[in-house]
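Subject: Structure handover

Hello,

The structure is below, with its sequence. My notes on the ligand site and the cysteines follow.

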Amino acid sequence: MSRIVLGVSGGIAAYKACLLLRSFSEAGHDVTVVPTPNALAFIGEATWAALSGKPVHTGVFEAAHEVPHVRLGRQADLVVVAPATADLLARAAAGRADDLLSNVLLTATCPILMVPAMHTEMWLNPATQANVATLRSRGVAVMNPASGRLTGADSGPGRLPEPADIEQVALTLLADPRLAVAMASQDLAGRHVLISAGGTREALDPVRFVGNASSGRMGLALARAAAARGARVTVVAANLALPIPAGVDAVPVVSTAELAEAMLDHAAAADIVVMAAAPADFTPASPSEVKLKKSGDQGLRVDLVQTTDVLKALAGERPDGQVIVGFAAETASDPDELLRLGREKLARKGCQLLVLNDVSGGRIFGSSSTEVTIISGAGVVARLADDKSSVAHAILDAAVAVPTSARFSL
Ligand code: CTP
């Protein structure tokens, strides 16, 4: 159980913070809500008190004997401010201490996550952008707002990201507080990251297919992590059951042939390409146009032909400077064998990094954590057993750190 302070400032998106509060509480965290006085104009104190099961204060002189402005910040494992209005960002950047929430921000020693929500003009205003830059330079993780319908008829960047996306980022920061630095640094700003996610389906007939157990969780964790670090992200999504994170472009595909086409189309403009999908290696040679019928008690023989090796094709067309990351699901007898298979695959595929998974006994698929070894041509870059979100950040760290000499073909 972690201690989370949920700061809420005065914007209409405050109602979405109720959902965030519920998910944090349901996940077993201890949540204290600290609204600004203006936030109470949107959602009243009774709602926050009932949902959190705790008294709610907005000023430093309420319950002063408990010195909440110091205690809350000091004891928190994470402070999340959602929504963070233009005014709250300005006050935080200026270091003001004029209500309980701004005091908590000054006393917190844990990671701070700000989730802005406001009208597009206010978000794009140089004053707000400068405040965000100041906060990021001090190590505060500031999510970029989502684009879409705002309060009135207008739409554009400024929407609060969905509570589920905020929760994912918050949980990542709780699991690994060092990631606040990566998020704050926006080290992928201006970069384009292309990721394939999910498992392809190869049609046998109009209703049946050959597929695999990939859930797409790893690819989506990578998309979320790259977007949090400021990248423009495109996900080529093969049959995902999970939603695409806010602010990420999606290109839906079904088969390996479609996935190959979409990846090769988008790769030319990408700085980092990650093949996290599990494309089927084989496809029925001649899928039936009509639904296959049983014939007596006879079985069915299907001829399969190999599909395109997308990773190899991408490596063959790699523009100078681009980093390509592949995955390798192996069933190895021991770690040395896993490494040997990985080295061979890295060389065979021609990518700069390979993320090795041991999938003996059906491990990894569909789970939220994973055990990986990241290798490059120079050897092992990192070994980690962690949740997929932290692993995603480690993969991006490794991609950013690929030396220039390995990015250019001679
Ligand atoms: N991959 C690909 N195109 C395919 C199959 C796999 O681009 N048709 C990519 C996967 O996305 C992954 C990497 O290749 O990044 C390795 O996948 P894996 O299934 O481990 O390797 P295979 O190519 O299938 O090699 P092998 O069957 O020889 O182990």
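A polar contact here is a pair of N or O atoms within 3.5 Å; within protein, one must be able to donate a hydrogen and the other to accept it, and residues adjacent in sequence count only if both atoms are side-chain atoms. By that cut-off, a polar side-chain atom of R348 lies 3.3 Å from an oxygen atom of the ligand.

This is a predicted model, in which local features need pLDDT of at least 70 and side-chain atom pairs count only at pLDDT 80 or more, while totals for chains, interfaces and linings use all residues. Residues are numbered from 1 along each chain as its sequence is written, and side-chain values use heavy atoms, with hydrogens and water left out.

Ligand contacts: an N or O atom in the side chain of K345 is 2.7 Å from a ligand oxygen. For M275, a polar backbone atom is 2.8 Å from an oxygen of the ligand. The ligand exposes 570 Å² when taken alone, and the protein buries 77% of that (Shrake-Rupley method, 1.4 Å probe).

Shell: two or more residues each come from α12 (310-316), β16 (323-330) and α13 (335-349) (DSSP runs numbered from the N terminus; helices are H or I of at least four residues, strands E of at least two). β16 gives the most, with four residues.

Cysteines: the structure holds zero disulfides (pairs of cysteine sulfur atoms within 2.5 Å). C18 counts as buried because its relative accessibility is 13% (buried is under 20%, exposed over 50%, partly exposed in between; 1.4 Å probe, protein chains only). C110 is also buried, with a relative accessible area of 13%.

Regards
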